[in-house]
Amino acid sequence: MYDLMLAGVAAVFQPWTLLAIMLGVAGGLVIGSIPGLTSTMAIALLVPLTYSMKLELAIPLLMGVYCGAISGGLVGAILLNIPGTPASAGTCLDGFPMAAKGQATRALGLAVYASMIGGTLSGLALVLIAPLLAKVALSFGPWEYFALVIFTFSCISSMSAKGRAVKAFMAAFIGLGLSLVGLDEASGQTRLTFGFTSLESGFYELPALIGLYAIPQLLTDTDGIGRREKVLQVNYRLRLFVSTFGEVIGRKWDLLRSTFIGIVIGILPGVGPGLSNIVAYSQAKNSSRTPEKFGQGELAESVISPEAANNASMGGALIPMLTLGIPGDASTLMMLGAFMLHGIDPGPLLFRDHGDIVWIVFIAFFVAFAFCTLLYHFFIPITIKAIAVPRQFVIPVLLILCTVGCYSLNNRMFDVYCFLGFGLLGYVLHIVKVPVLPVILGLILGPMAEEQLSLALAFGQGSFLPFLTRPISGFILLVALLSLVLPAVFGWRKRLTAQRIHTKESQNGTV
Amino acid sequence: MRVNDLLFSLLFILLFVVAATQITQLSEIASATVSARLFPEMVIGGGILMGVIEMIRTLVSRPRKDAPGFRESWKEAFLRRRMYLLGLFTVYLIAITHVGFLVATAVFCFVTILVLAPRIKPASLVIALAVTAGLLGLIYVLLVVYLKAFLP
């Protein structure tokens with residue numbers, strides 16, 4: 001293990017690799033700070049461009065963008081009251097009021113240091129948990145893998161907004177359906193091509209991923225053009241910024257609790273920093289002695305908690321992606337696409353066969369956070385300018401970069417048309433309020449699900465029973481079932497209690 | 001949203017039924033232990049089931065007062081700037097194969113910046129030109145020179 005670790009250190013601590021991480025972090029910070037441009041978008045833009053790079057350079061670069069873009073969201077949240085990324089939604093609640101009171105540097109400092117500590121601790125969790133989980137996963141058979149795919153979809157569905165659980169499943173089935181298109185390798189027959197020869201090779205994942213995310217987002221971003229957003233004036237002072245580090249360390253329990261929440265939520269498939277920061281904020285409020293002061297921009301922990309949690313989710317989200325090949329959130333989904341683009345299939349075998357690459361990911365993660373912290377000290381004035389860049393200059397540039405990226409994957413226009421087609425699909429889903437993440441997960445996990453199901457049935461001579469009788473597979477399916485049933489039962493009980501109270505109150509009122 | 005949800009469910013079921021007609025045409029291979037149709041049939045069957053559940057759920061549930069109506073949501077979908085961008089981008093993709101990538105990109109970038117801008121001032125023309133030139137330079141240097149990639 002130490003050999004692999006040293007190999008990882010040696011690979012990352014090369015001048016070009018360090019420069020790539022630094023540029024990735026800087027680019028990520030700028031993109032992440034622009035409201036509406038998420039970390040997913042930042043990675044989506046870059047993944048195809050890394051195609052001709054060496055994996056040892058591409059992965060650290062993407063890690064830099066990933067860390068930078070998630071962290072960059074805090075600037076928009078604090079100075080505009082608009083989160084740069086959904087991961088910073090909880091930061092708005094107290095960060096903006098704090099900045100509005102003339103304490104913008106303090107708010108930024110608290111958020112930056114909390115992000116960095118949360119992220120670094122989640123990196124430690126990644127290093128400790130991922131190899132252990134990979135070892136366990138080596139004993140998994142096709143039954144367990146198929147059960148994991150079911151668990152992923154049940155997780156997404158149960159975490160969906162109220163009334164959208166079935167829609168999330170429908171979205172997953174759209175993705176699974178799209179994954180069927182093309183030549184079936186086992187039987188040699190074409191499926192769902194409707195006679196179009198260009199569909200015989202199926203849909204390439206990356207144009208689909210980029211289209212589903214980028215086009216709806218860029219189209220809706222045009223609504224903000226011409227709107228004058230009030231950016232708070234910041235009298236940035238480095239000394240004051242640095243002094244907030246002590247304040248962050250002083251809130252160690254809030255920091256640790258939020259980091260823990262972030263890691264756990266990050267590990268859950270399909271749920272990421274977008275949820276963890278809100279949960280951490282509400283937990284900090286519940287455990288505070290002065291909850292009434294939350295939302296007023298007074299307490300350091302109200303900024304520290306959401307930021308520590310959203311960065312901690314990043315390490316958490318990488319755990320299932322690296323060990324099981326199941327992404328923790330949309331950004332790691334893009335990272336998964338990047339790995340696949342370079343011919344590397346994440347999963348337990350990655351740890352056995354490409355341990356050096358795993359360690360490159362680990363080391364690059366820590367280095368990216370170190371660069372992130374360092375750059376933030378000097379980048380705050382630049383990111384403040386970035387959030388004020390008129391959107392009409394950004395949108396066409398991003399669309400063109402996406403187009404070039406999609407083309408450069410296979411040098412064929414078909415992928416570019418797929419990018420547009422999937423973009424339109426994503427836009428329609430956005431209008432009818434159907435989540436897009438399950439579509440992508442379905443598209444990526446569909447072939448894996450089919451392969452594992454076929455293997456499981458072949459080994460079990462056509463019997464479905466081992467899915468339930470094998471302990472791990474049975475347990476995963478049970479958890480999947482509970483994750484679907486329990487929220488519905490709790491919701492029903494809550495409604496029933498509310499109804500009873502309402503009936504009692506109205507009876508008392510009439511008496 | 002009720003009408004939207006119903007329309008979406010209907011369209012969803014219809015698409016899956018069309019897909020089912022294709023899947024039934026798949027032939028079985030005698031030597032295969034697992035049917036070639038099994039997984040596609042599971043996906044399509046599950047999809048249709050979900051579509052039906054969603055449709056029933058929409059019909060049975062009470063409409064939410066805060067949810068946007070059918071007209072509002074589609075009015076938002078066809079907002080002027082969104083449609084301009086979508087139209088220009090579609091034309092751009094078609095134009096790439098006819099006039100070449102660099103020309104099409106230059107025109108698309110410049111025109112889109114101006115079309116999306118709230119007001120066209122002389123300064124915005126200069127900035128649009130600068131952004132276009134900068135982007136083309138970046139693409140050329142980064143992709144063609146450094147990454148040795150092909151342009152469309």
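**Chain B and its contact with chain A**

In this predicted model, the C-alpha centres of domain 1 and domain 2 of chain B sit 38 Å apart. Domain 1 covers residues 1-76 of chain B and domain 2 covers 78-152, according to the domain assignment.

What is chain B built from? Six helices and zero strands, so to speak by DSSP runs, and reading along the sequence you simply get α-α-α-α-α-α.

Now look at the overall dimensions. Chain B has a radius of gyration of 24 Å, whereas a compact globule of 152 residues would come in near 15 Å. Along the principal axes, the C-alpha atoms of chain B fill a box of roughly 60 × 55 × 25 Å. Buried residues account for 23% of the 152 residues in chain B. As for contacts within chain B, take those with a separation of 6 or more: 58% of them join residues 24 or more positions apart.

Next, turn to the partner chain. How many residues does each chain bring to the contact? Chain B supplies 55 and chain A supplies 47. On the chain B side, the elements giving two or more residues are α1 (2-23), α2 (38-60), α3 (70-77), α4 (80-99), α5 (101-116) and α6 (122-146). The largest share there belongs to α2(B), with ten residues. Sort the residues on this side of chain B by type and you find 38 nonpolar, twelve polar and five charged.

Conventions: Residues numbered from 1 in each chain as written. Chains lettered and ligands numbered in written order. Predicted model: local features only at pLDDT ≥ 70, side-chain atom pairs only at ≥ 80, totals over all residues. Contact = placed C-beta atoms within 7 Å. Helix = DSSP H or I, 4+ residues; strand = E, 2+ residues; numbered from the N terminus. Nonpolar A, V, L, I, M, F, W, Y, C, P; charged D, E, K, R; others polar. Domains from an automatic or database assignment. Rg over C-alpha atoms; globule rule 2.2 N^0.38 Å. Buried ≥ 20, exposed ≤ 12 C-beta atoms within 10 Å, placed from the backbone.
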